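User: Please take a close look at the metal site of this model and at the parts of the chain around it. I would like one connected account.

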Amino acid sequence: MIGRLNHVAIAVPDLQAAADQYRNALGAKVGEPQDEPDHGVTVIFIELPNTKIELLYPLGEDSPINGFLEKNPSGGIHHVCYEVDDILAARDHLQATGARVLGSGEPKIGAHGKPVLFLHPKDFNGCLVELEQV
Ligand code: CO
């Protein structure tokens, strides 16, 4: 059911420092910061030849990234995003297997303008999983 790895998201305590490190030390193609108020994050996408890295920084008091950075002050891997062809079919299949979908269970529009859902990390070996319909 799942397709390509769309991105790995890393929560960072200093967005500009992280972007500069990927640009200067790792020589990556680094995008511009984008605010995603619906998700409580500011993101910078880094394009790699085979996938993307999403640098995540909290946007607003209620950002889900605030708690993550409190537990992981130097940052850390926050989620992985897998591509699916049909997000509603994927959701229904996963729920039938017992996996929990976060929030209302309805897809939201993600950072690429495409529908996304998140799956409970406790159901996936401690890893928060994002599904994106492509
Ligand atoms: Co993501």
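**The cobalt site and its surroundings**

Analyst: Along the chain, the donors of the cobalt ion are spaced as H-x46-E-x24-H-x50-E. Histidine 7 belongs to strand β1 (residues 5-11) and histidine 79 to strand β6 (residues 76-84), so this pair ties together parts that lie 72 residues apart in sequence. The model is a predicted one, and the values below are computed from it.

The coordinating atoms are NE2 of His7, OE of Glu54, NE2 of His79 and OE of Glu130, at 2.0 to 2.5 Å from the cobalt ion. The angles among the 4 donor atoms run from 83 to 171 degrees, and the site is irregular. It does not count as tetrahedral because that label requires all angles to lie between 85 and 135 degrees. For reference, the ideal angle for four tetrahedral donors is 109.5 degrees. Water is not among the atoms, so a site may look incomplete.

Both histidine donors are buried: the relative accessible area is 0% for histidine 7 and 2% for histidine 79.

Strand β6, which holds histidine 79, is also a packing partner of helix α3. The buried residues of α3 pack against β6, β8 (115-119) and β9 (128-133). Those residues of α3 (residues 87-96) are Ile87, Ala90, Arg91 and Leu94. They cover an arc of only 100 degrees around the axis, which puts them on the same side of α3. An α-helix has 3.6 residues a turn, so residues three or four places apart point the same way.

The ends of α3 can be described as well. At the N-terminal end, aspartate 86 acts as the cap, with a side-chain oxygen 3.2 Å from the backbone nitrogen of leucine 88. After the helix comes glycine 98, which has a positive phi, near 100 degrees.

That leaves the cysteines. Searching the whole structure gives 0 disulfides. For cysteine 81, the closest cysteine sulfur is that of cysteine 127, and the 11 Å between them is too far for a bond; a disulfide would need the two sulfur atoms within 2.5 Å. Cysteine 127 is likewise in no disulfide. Their surroundings can be given too: cysteine 81 is buried, with a relative accessible area of 0%, whereas cysteine 127 is partly exposed, at 27%.

To return to the metal, the cobalt ion has two histidine nitrogens, from His7 and His79, and two glutamate oxygens, from Glu54 and Glu130, as its donors, in an irregular arrangement.

Terms used:
Residues are numbered from 1 along each chain as its sequence is written. This is a predicted model: local features need pLDDT of at least 70, side-chain atom pairs count only at pLDDT 80 or more; totals for chains, interfaces and linings use all residues. Side-chain values use heavy atoms; hydrogens and water are left out. Donors are N, O and S atoms within 2.8 Å of the metal (3.2 Å for Na, K and Ca); water is not among the atoms, so sites may look incomplete. Four donors count as tetrahedral if all angles lie between 85 and 135 degrees; four count as square planar and six as octahedral if opposite donors are over 155 degrees apart and all others between 65 and 115; anything else is irregular. Helices (H or I, at least four residues) and strands (E, at least two) are DSSP runs, numbered from the N terminus. Buried means under 20% relative accessible area, exposed over 50%, partly exposed in between (1.4 Å probe, protein chains only). The arc is that of the directions from the helix axis to the C-beta atoms. Contact means heavy atoms within 4.5 Å. A polar contact is a pair of N or O atoms within 3.5 Å; within protein, one must be able to donate a hydrogen and the other to accept it, and residues adjacent in sequence count only if both atoms are side-chain atoms.
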